[in-house]
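Visitor: I have a structure open and should like to talk it through. Could we begin with the overall picture and then turn to single residues?

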Amino acid sequence: MAMSIWEALAVLAAGTGAGTINTIVGSGTLITFPVLLATGLPPITANVSNALGLVPGSISGAIGYRAELRGQRRRTLVLGLTAAVGGLAGAVLLLALPSESFDTIVPVLIAAALVLVLLQPRLAKAVQRRRENNGTTGHAHGGPVLLVGLLLASAYGGYFGAAQGVLYLSLMGLLLDEDLQRVNAVKNVLGAIVNGIAACFFLFVAEFDWSAVLLIAVGSALGGQIGAKVGRRLPPAALRGVIVVVGVIAVVQLVVR
């Protein structure tokens, strides 16, 4: 399907916005997906085209956060492998299940994640005090609870992905004894892995609109760099506020769509 010049510019702008917001927190799909639908693409085609187009943006954002990734190679590898498995499972589910299967649970998951983000400083201090009292230390990779949580969040990411970053940040922010900006850097790598795995799977089994893929790819790659420059300058409290605002918008949009 051929796009008009105005539709193409809208998709490019949406890709830039998605790449920016994905790097800072996540939920860029809530920008690109409605725009792709407005151009006349069927929902499944729009979803898989969006997944492939956002891969360069995730990679760009991860590169922009490379300083915060230092010293996290092993952690990123362990969590990345978990995310890859979940992302592939979610991509399979997209073609096997009706979208209604996730419509009810996803807003609840995001709302719960926002509560965790808001309470994260207090919960993290409580966990730290308990460890000190018991003479134990935190697991470098968050332990089994984080791995299971990331597996499920990544399955959702491979399926649709709106506010996937909010889920990642809430889980890792609570279960890792780490600065929020360094957690955000790992989140960008996980997003690139999940989008990449899902896109590779879709290449063989689904139909793409390559004009949409190219426009979103260019826009999201640019947005990834913009998001990294903005996101890295935000103090933890401000970053947490952005996460909550974006998450609330995501919940509202998912409930009313």
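Guide: Certainly. Among the contacts in the protein with a separation of 6 or more, 83% are between residues 24 or more positions apart. Please note that this is a predicted model.

Visitor: Which secondary structure elements are there, and how many helices and strands?

Guide: The protein has 13 helices and zero strands. Read along the sequence, the pattern is α-α-α-α-α-α-α-α-α-α-α-α-α.

Visitor: What share of the residues is buried?

Guide: Of the 257 residues of the protein, 53% count as buried.

Visitor: And the accessible surface, what does it come to?

Guide: The accessible surface of the protein is about 11,700 Å². Carbon and sulfur atoms account for 69% of that area.

Visitor: Let us take single residues. Where is L180?

Guide: L180 is placed in helix α11, which covers residues 180–205.

Visitor: Is L180 buried or exposed?

Guide: L180 counts as buried because its relative accessibility is 10%, and buried means under 20%.

Visitor: What does L180 touch, apart from its neighbours within four places in sequence?

Guide: With those neighbours left aside, L180 is in contact with P236, L239 and R240.

Visitor: How many residues apart in sequence are L180 and P236?

Guide: They are 56 residues apart in sequence, and their C-alpha atoms are 6.3 Å apart in space.

Visitor: Now A62. Which helix is it in?

Guide: A62 lies in helix α4, residues 55–64. With a relative accessible area of 12%, A62 is buried.

Visitor: Which residues is A62 in contact with, leaving aside neighbours within four places in sequence?

Guide: A62 is in contact with L69, N188 and V189. In addition, the C-alpha atoms of A62 and V186 are separated by 7.8 Å, while the two residues are 124 residues apart along the chain.

Visitor: Changing topic to charge: which residues gather in a patch of positive charge on the surface?

Guide: That patch is formed by R66, R70, K229 and R233.

Visitor: Where does K229 sit?

Guide: K229 is found in helix α12, which runs over residues 210–231.

Visitor: Why does K229 count as exposed?

Guide: K229 counts as exposed because its relative accessibility is 56%, and exposed means over 50%.

How values were computed:
Residues are numbered from 1 along each chain as its sequence is written. This is a predicted model: local features need pLDDT of at least 70, side-chain atom pairs count only at pLDDT 80 or more; totals for chains, interfaces and linings use all residues. Side-chain values use heavy atoms; hydrogens and water are left out. Patches are made of residues with over 30% relative accessible area and no salt bridge: like charges are joined within 9 Å, nonpolar side chains (Val, Leu, Ile, Met, Phe, Trp, Tyr) within 5 Å. Accessible areas come from the Shrake-Rupley method with a 1.4 Å probe; for residues, only the protein chains shown count as cover. A salt bridge is a side-chain nitrogen of Lys or Arg within 4 Å of a carboxyl oxygen of Asp or Glu. Lys and Arg count as positive and Asp and Glu as negative; His and the chain ends are not counted. The place of a charge is taken as NZ of Lys, CZ of Arg, CG of Asp or CD of Glu. Helices (H or I, at least four residues) and strands (E, at least two) are DSSP runs, numbered from the N terminus. Buried means under 20% relative accessible area, exposed over 50%, partly exposed in between (1.4 Å probe, protein chains only). Contact means heavy atoms within 4.5 Å.
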